[in-house]
Amino acid sequence: MKLSKYDGNIHPDEWINDIQKYLALKDYDDDYLNFAISLVDSSIISLPTKINSFEELRNALKEDISFTVFKCTNKRLLESLKYIPEKEEIIADELNLIRNESIIALKHVATGKYLSSIEDLCYTTGSGLQLVFAGSSEPDLNSLWIIKFRGESAIYNGTLIELQHIESGRNLGLCYFAPKVHTYYKSPITEHTEGYLKSYDTINLAMKKTYDSEEVFLRSHDVRFTIGNDTFQEVVCHNENLGGNDEWRIELICKNKLGYEL
C-alpha cells in the first residue's frame with residue numbers, strides 16, 4: 001500500500017482508514033495523528049490549528065470546501081452515467097465534458113462577497129426565476145460555479161464561457177419577456193437588467209443579449225433587497241461605464257477534481 005497526500009480527491013473516511021491500516025501494519029511507534037496531519041496538502045486544505053484525534057481530523061476534512069467539491073463532481077459523474085447509452089462513444093463524450101470543466105468561485109472585489117444562487121429561491125419581481133446575488137464572505141456550496149469554455153452565456157477575456165451553478169445545475173444568463181419587443185427584466189432595486197441563473201485574476205464579466213447583441217456587464221453593489229425574512233446583495237447587468245463594482249476575482253476551487261488530465 002502506498003500512502004498519498006490528502007488533496008480532496010478521495011473521501012476523507014477512505015483516506016483515514018487507509019492510513020490507519022498502513023501504520024498498523026508497519027508497527028509505526030510515533031504519533032499516528034501528527035503523521036496523518038503532515039500528509040494533508042496545506043496548499044489546498046485549511047485545517048484548524050489544534051486537532052486532537054482522528055475523528056477531529058475526519059470532521060475538519062469534511063468541513064473544508066474541497067469535500068463539497070468532491071461530492072458535487074462525483075454526483076455529476078454518476079448523473080452523466082445514470083442512463084447507459086448504447087454506444088460507448090457517447091459515454092466518452094460525457095466524460096470529456098467533465099474533464100474540460102473547472103470549479104470556481106467569483107468574489108466581488110469591492111464588497112468581498114461571492115456570486116451566489118440558491119436552488120429554487122426565485123425573484124418575487126420580474127422574471128420570477130432563480131435569483132443571483134452577492135452572498136457569503138467565504139465560498140460555500142451556493143457560491144460554486146462550473147466554468148465551461150463554450151456556449152454563449154458570458155464572456156471572459158474575449159472567450160465565450162458558460163457559468164453553471166453547481167447546486168441547482170442552472171446557467172448564469174439573462175431573461176427577456178414580450179418576444180416582439182425583446183425587453184429584459186429589471187433587477188429588484190436599481191432596475192438594471194436582472195441577472196440569473198486563471199485563479200485570482202480580477203476580471204469583468206460581460207454578457208451579450210440574444211436579440212440586439214448589446215454587451216452588458218455583471219455588477220454588484222452594496223444595495224440590498226429582501227425576500228421573506230432574508231436580505232440579499234443585488235447583482236445586476238448594465239451597459240454603463242465600468243468601475244470598481246464591476247470587478248470580480250476568480251478563485252479556482254478545483255481544476256478537474258476527478259483527476260483527469262485537462
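Is Ile118 buried, partly exposed or exposed? In this predicted model, Ile118 counts as partly exposed because its relative accessibility is 27%. The close-up views below begin with that residue and then visit other spots in the structure.

**View 1. Ile118 and its contacts in strand E2.** Strand E2 covers residues 115–122, and Ile118 sits within it. Setting aside neighbours within four places in sequence, look for contacts from Ile118 to Gln130, Leu131, Phe133, Asn142, His165 and Phe232. His165 is a nice partner to pick out here: 47 residues separate it from Ile118 in sequence, yet the C-alpha atoms of the two are 8.9 Å apart in space.

**View 2. Asp120, a residue of strand E2 with a positive phi.** Staying in strand E2, we come to Asp120. Its phi is about 65 degrees, a positive value, although Asp120 is not a glycine. Most residues other than glycine have a negative phi, so this backbone angle deserves a friendly second glance. With a relative accessibility of 53%, Asp120 counts as exposed.

**View 3. The largest nonpolar core.** This core holds 25 residues, and the ones with the most contacts inside it are Leu106, Leu115, Leu163, Leu172 and Leu218. Two or more residues come from each of these strands: E1 (101–108), E3 (130–134), E4 (145–148), E6 (159–165), E12 (215–227), E13 (230–238) and E14 (248–255). A separate, second core has 15 residues, among them Ile16, Val40, Leu57 and Ala60.

**View 4. Leu115 and the residues it touches.** Leu115 is one of the residues with the most contacts inside the largest nonpolar core. Not counting residues up to four places away in sequence, Leu115 touches Leu106, Val132, Phe133, Asn142, Ser143, Trp145, Leu172, Leu218, Val235 and Trp248.

**View 5. The buried side of helix H3.** Helix H3 runs over residues 54–63, and Phe54, Leu57, Arg58, Ala60 and Leu61 are buried in it. These residues lie on the same side of H3, because they cover an arc of only 165 degrees around the axis. Two of the names, Leu57 and Ala60, also appear in the second core of 15 residues.

**View 6. Asp64 in the loop between H3 and H4.** Helix H4 (65–80) lies on the other end of the loop that holds Asp64. Asp64 is buried, as its relative accessible area is 10%. What does the side chain of Asp64 make a polar contact with? Its partner is the side chain of Ser66, at 2.8 Å. The side chain of Asp64 also reaches the backbone nitrogen of Ser46, at 3.3 Å. Beyond neighbours within four places in sequence, Asp64 is in contact with Ile44, Ile45 and Ser46.

**View 7. Glu240 in the loop between E13 and E14.** Here the side chains of Glu240 and Arg219 are joined by a polar contact of 3.2 Å. Glu240 counts as partly exposed, since its relative accessibility is 42%. For Glu240 and Val216, the C-alpha atoms are 8.2 Å apart in space, with the two positions 24 residues apart in sequence numbering.

**View 8. Two cysteines, Cys122 and Cys237.** Cys122 is partly exposed, with a relative accessible area of 26%. Cys237, by contrast, counts as buried at 1% relative accessibility. How many disulfides does a search of the whole structure find? The count is 0.

Definitions and conventions
Residues are numbered from 1 along each chain as its sequence is written. This is a predicted model: local features need pLDDT of at least 70, side-chain atom pairs count only at pLDDT 80 or more; totals for chains, interfaces and linings use all residues. Side-chain values use heavy atoms; hydrogens and water are left out. Helices (H or I, at least four residues) and strands (E, at least two) are DSSP runs, numbered from the N terminus. Buried means under 20% relative accessible area, exposed over 50%, partly exposed in between (1.4 Å probe, protein chains only). Contact means heavy atoms within 4.5 Å. A nonpolar core is a set of buried Ala, Val, Leu, Ile, Met, Phe, Trp, Tyr and Cys residues joined through side-chain atoms within 4.5 Å. The arc is that of the directions from the helix axis to the C-beta atoms. A disulfide is a pair of cysteine sulfur atoms within 2.5 Å. A polar contact is a pair of N or O atoms within 3.5 Å; within protein, one must be able to donate a hydrogen and the other to accept it, and residues adjacent in sequence count only if both atoms are side-chain atoms.
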